[in-house]
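Hi,

Here is the structure I promised to pass on to you. Have a look at it first, and then read my notes below.

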Amino acid sequence: MIEWPESKIHAFQKTLLDWYDHNKRDLPWRRDHDPYHVWISEIMLQQTQVHTVIPYYERFMGEFPSVADLANADEGRLMKAWEGLGYYSRARNLQKAARQIVQDYDNVWPRDIAELQKLAGIGPYTAGAIASIAFNQPVPAVDGNAFRVFSRLLEIDDEISKPQTRKIFEQVISKIISQERPGDFNQAIMDLGSSYMTAANPDSDHSPVKAFNQAYIDGVELNYPVKNKKPRPIEVDYFALVIRSSAGILMEKRPDSGILADFWTFPLVAKEDLLAFSGQDEFAEDEDALTAMTDYFAQQYGLTLAFQFLPVKKVTHIFTHRKWLMTLLSADLTTENDLSLFPGRFFSKEDFIQHAFPKVQQKLIDRVNSLDE
DNA sequence: TAATCGTGGGT
DNA sequence: TACCCAAGATT
């Protein structure tokens, strides 16, 4: 890591802020510095690209214009507003934090970053972003852009996923950040990181701060930031079940923790579980899974179902750490059945419209709808 | 500390 | 294709 003298720090601040003043992106959450606006945008932007967030942000502000509106919102409406954005605990934490602000802080935002981090879903980055952008406090906001930009500017070789590395960056940025315009400084770093100093194809030849970019000068830009490789998603085989009756399609409520917590999904049976249930290592014939599933539903839930494969029977969905390979089976419930042992209920067309579904379920819903055409 | 938690886009 | 990346937080 190299260090900058005071004169270079001031030159960098001026170059960066001059560039930002003439080139900052016109984004809906930059119309003012309202902490509510800053907060909602920062949560939505976690691990999510700007162009994805913009329509969600606009709709969200239309539905929940204030902290109080969010605190009092119906959870179903909240999840519908977040539907498709992913990382759904963010939405649930938003409402928790809104209620904290109303109840614990008498509807007055805390300005201290330590206090901000007591709010649900607000960690070190988001606390820094709110404190600097909304309250003009000279604190760093170390996100992926800041890691990338400053690791290149100063050739910082520490591996960025380590918690102690964040402290190193916070210390470095605290010395460089503009005391007069900390919010603009942090946002300028983000704009820089998403334009000239990108991860894959940086354009430092034309960057306003190329003279400050030691890694570029040394021709080693792509070595930064130093980051560990992530493991590939683990593949899991499921049977996804389309069970119809006159009342609609049978849906299952997922547990209140883990992936897609609390969402309604088509019943999913892991192939591994079905094999274990039937005492086999593998289904010798595809059709063996159908009879195994029939036996499984009879024993587990007391339901008599004759399963068959759907015409298009494979759907895949990739999450960050899992890859679901789903085989679609269908069955009809023609007689009255006792559903008391099954963790779910039938969904009408209206239910499908009103509830929020994760993307993987929308894929399945689309497949089912295409069957009826 | 390392794993978990979604989705869309780029190469 | 397979992999990486995108304004991270939580456990």
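Thr165 counts as buried because its relative accessibility is 2%, where buried means under 20% relative accessible area, exposed over 50% and partly exposed in between, with a 1.4 Å probe and protein chains only. Please keep in mind that this is a predicted model, in which local features need pLDDT of at least 70, side-chain atom pairs count only at pLDDT 80 or more, and totals for chains, interfaces and linings use all residues. Residues are numbered from 1 along each chain as its sequence is written, chains are lettered from A and ligands numbered from 1 in the order in which they are written, and side-chain values use heavy atoms, with hydrogens and water left out.

Back to Thr165, which sits in helix H10 (residues 163-176); helices (H or I, at least four residues) and strands (E, at least two) are DSSP runs numbered from the N terminus. Leaving aside residues up to four places away in sequence, Thr165 touches Phe147, Asp158, Glu159 and Ile160, a contact being heavy atoms within 4.5 Å. Phe147 is 18 residues from Thr165 in sequence, and their C-alpha atoms are 9.5 Å apart. The side chain of Thr165 also reaches the backbone oxygen of Glu159 at 2.7 Å. That is a polar contact: a pair of N or O atoms within 3.5 Å, where within protein one must be able to donate a hydrogen and the other to accept it, and residues adjacent in sequence count only if both atoms are side-chain atoms.

Now the chain as a whole. Chain A has 16 helices and 7 strands, and its C-alpha trace spans about 80 × 50 × 35 Å along its principal axes. Of its 373 residues, 48% are buried. Among contacts in chain A with a separation of 6 or more, 65% join residues 24 or more positions apart. An unreviewed UniProt entry carries the annotation "domain: HhH-GPD" for residues 44-195; such annotations may be inferred rather than shown by experiment, feature names are shortened, and positions are given in the numbering used here. That span is 62% helix and 0% strand, with its end C-alpha atoms 20 Å apart.

Next, DNA strand B. Around this strand there are 23 residues, of which Tyr88, Leu260, Thr320, His321 and Lys359 come nearest; near means that a heavy atom of the residue lies within 4 Å. Sugar and phosphate make up 61% of the atoms of DNA strand B within 4 Å of the protein. Two base nitrogens are worth a look: a polar backbone atom of Gln47 is 3.0 Å from a base nitrogen, and a polar side-chain atom of Thr48 is 3.0 Å from a base nitrogen. Strand S5 (308-318) and helix H16 (359-371) each supply at least two residues of this surface.

Finally, DNA strand C has 26 residues around it, the closest being Gln47, Gly121, Asp143, Asn145 and Arg148. A side-chain N or O atom of Thr126 lies 2.8 Å from a phosphate oxygen of the strand, and a backbone N or O atom of Gly123 lies 3.0 Å from a phosphate oxygen. On the base side, a polar side-chain atom of Glu42 is 3.2 Å from a base nitrogen of DNA strand C. Helix H8 (124-133) and helix H9 (144-154) each give at least two residues to the surface near DNA strand C.

Best wishes
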